[in-house]
Amino acid sequence: MSHRPSSGLAAVSTALLAMSRHLEVRDVLKTIVASARELLDAEYAALGVPDDHGGFAQFVVDGVSDAQWKAIGPLPRQHGILASMLQDAKPERLADVREDPRFEGWPAAHPEMSDFLGLPIKDGDETIGALFLANKRCPRPEGGCGFTEDDEDLLGILAQHAAIALTNARLYERSRELTIAEERSRLAHELHDAVSQKLFSLRLTAQAAAALVDRDPGRAKGELHQVATLAAEAADELRAAVVELRPAALDEDGLVDTLRTQIQVLDRAHTAKVTFDSRAIRALPAPQEEALLRVAQEALHNALRHSEADRVDVVLVRRGQGAVLSVTDNGRGFEPRTVRRAGRHLGLVSMRDRASGVGGTLSVESAPGKGTTIEMEVPGG
């Protein structure tokens with residue numbers, strides 16, 4: 001008779017939904033391990049993702065405290081039963097792992113384990129991980145109990161879905177890396193164009209001032225004022241590029257603090273006044289927060305470099321379980337009917353793609369001489 005706290009189709013469904021809810025690889029691994037341990041009522045669970053050098057690129061445990069995990073020491077190598085699971089790609093169910101001839105011991109701080117159930121996680125023919133459990137929690141008359149064939153079948157189902165969730169998370173992270181690379185390439189191109197133009201103008205103006213300094217000091221003074229203006233604009237371009245190229249600290253600081261910090265830097269770097277206000281914001285899933293940050297950056301880029309605005313206001317507020325971001329400038333604006341033609345120049349296409357990619361919407365309000373408001377709404381988790 002099973003003593004697991006949750007069993008049956010509902011428990012399996014809950015575990016599978018939990019795995020599919022995350023997109024970050026580390027979050028997926030932690031969810032798989034926690035779901036397996038709860039579903040099969042084990043004292044310990046772990047999941048290792050192998051590297052190409054006989055070790056593990058990632059190794060996640062559940063049931064071991066942070067202090068105990070730190071005391072255990074370095075990540076395990078691929079040896080003994082772990083190596084067998086990865087190489088032979090077949091399940092391992094043992095009444096007592098310590099009595100298996102492949103057992104090679106463990107560090108002093110490692111918890112004592114007896115009964116053991118392990119399965120490889122496979123993506124096609126490739127073994128992308130190993131999932132294993134230890135110490136089934138149930139009455140043990142005369143050392144009995146342990147993991148059953150039903151447990152092995154259930155963990156097999158979980159491992160199949162874990163492979164899908166892990167593969168999707170890897171694809172998402174790869175896609176995000178490519179997006180970041182594209183963003184940096186775009187910024188580098190824009191930085192080159194903008195600063196090159198400024199420096200070219202700066203050189204010509206300086207040459208004109210030098211030619212006029214003896215025969216027309218008044219005009220030379222005017223040209224030198226223009227040199228100072230162009231130098232300041234070039235410095236603004238460089239500072240803004242540094243802000244956009246700096247990695248966002250979403251994981252450590254959260255969306256609100258990350259936005260506030262970047263906007264404070266932009267306010268110092270530009271002559272325009274840039275403000276930020278947030279109200280009642282709750283934590284959102286990582287993809288939504290990243291999309292909001294990127295759209296805010298793109299909208300700020302447009303406002304500060306193209307709109308000739310002297311004020312830009314950024315507001316982030318809660319709406320239901322989600323959030324609404326608005327970026328409003330008092331610049332020259334544009335005719336909405338020409339937005340299709342201007343859309344690519346202003347990055348509106350990529351902003352709409354980011355919004356729709358997380359189930360959100362993006363709207364643009366503008367008129368010549370009336371400024372522009374870009375609003376993005378995203379759902380919660």
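Here are a few notes on the aromatic pairs and on one β-α-β unit in this predicted model.

1. Let's start with the rings. Searching the whole structure turns up five aromatic pairs. In one of them, the ring centres of phenylalanine 56 and phenylalanine 59 sit 5.2 Å apart with the planes at 70 degrees, so this pair counts as edge-to-face; the cut-off for that label is over 60 degrees. Phenylalanine 56 and phenylalanine 59 are both buried.

2. Next, have a look at phenylalanine 116 and phenylalanine 132. Their ring centres are 5.9 Å apart and the planes meet at 25 degrees, so you can call this pair stacked, given that planes under 30 degrees apart get that name. Phenylalanine 116 belongs to strand β4 (residues 116-123) and phenylalanine 132 to strand β5 (residues 126-136), so the pair ties together parts 16 residues apart in sequence. Here too the side chains are tucked away: phenylalanine 116 and phenylalanine 132 are buried.

3. Which residues do the ring pairs link into a cluster? The members are Phe56, Phe59, Trp69, Phe116 and Phe132. If you're colouring the model, show these together, as the cluster takes in the edge-to-face pair of phenylalanine 56 and phenylalanine 59 along with the stacked pair of phenylalanine 116 and phenylalanine 132.

4. Now to the strands further along the chain. Strand β6 (residues 273-279) pairs with strand β7 (residues 311-319) in the parallel sense, over seven bridges. For a spot to click on, valine 274 stands opposite valine 312 in β7.

5. One last thing to check by eye is the handedness. Together with helix α8 (residues 286-305), β6 and β7 make a β-α-β unit, and this unit is left-handed.

How values were computed. Residues are numbered from 1 along each chain as its sequence is written. This is a predicted model: local features need pLDDT of at least 70, side-chain atom pairs count only at pLDDT 80 or more; totals for chains, interfaces and linings use all residues. Side-chain values use heavy atoms; hydrogens and water are left out. Rings of Phe, Tyr and Trp (its six-membered ring) pair if their centres lie within 6.5 Å; planes under 30 degrees apart count as stacked, over 60 as edge-to-face and the rest as tilted. Buried means under 20% relative accessible area, exposed over 50%, partly exposed in between (1.4 Å probe, protein chains only). Helices (H or I, at least four residues) and strands (E, at least two) are DSSP runs, numbered from the N terminus. Two strands pair if DSSP finds at least two bridges between them. A crossover is right-handed if, with the strands pointing away from the viewer, the path from the first strand over the helix to the second runs clockwise.
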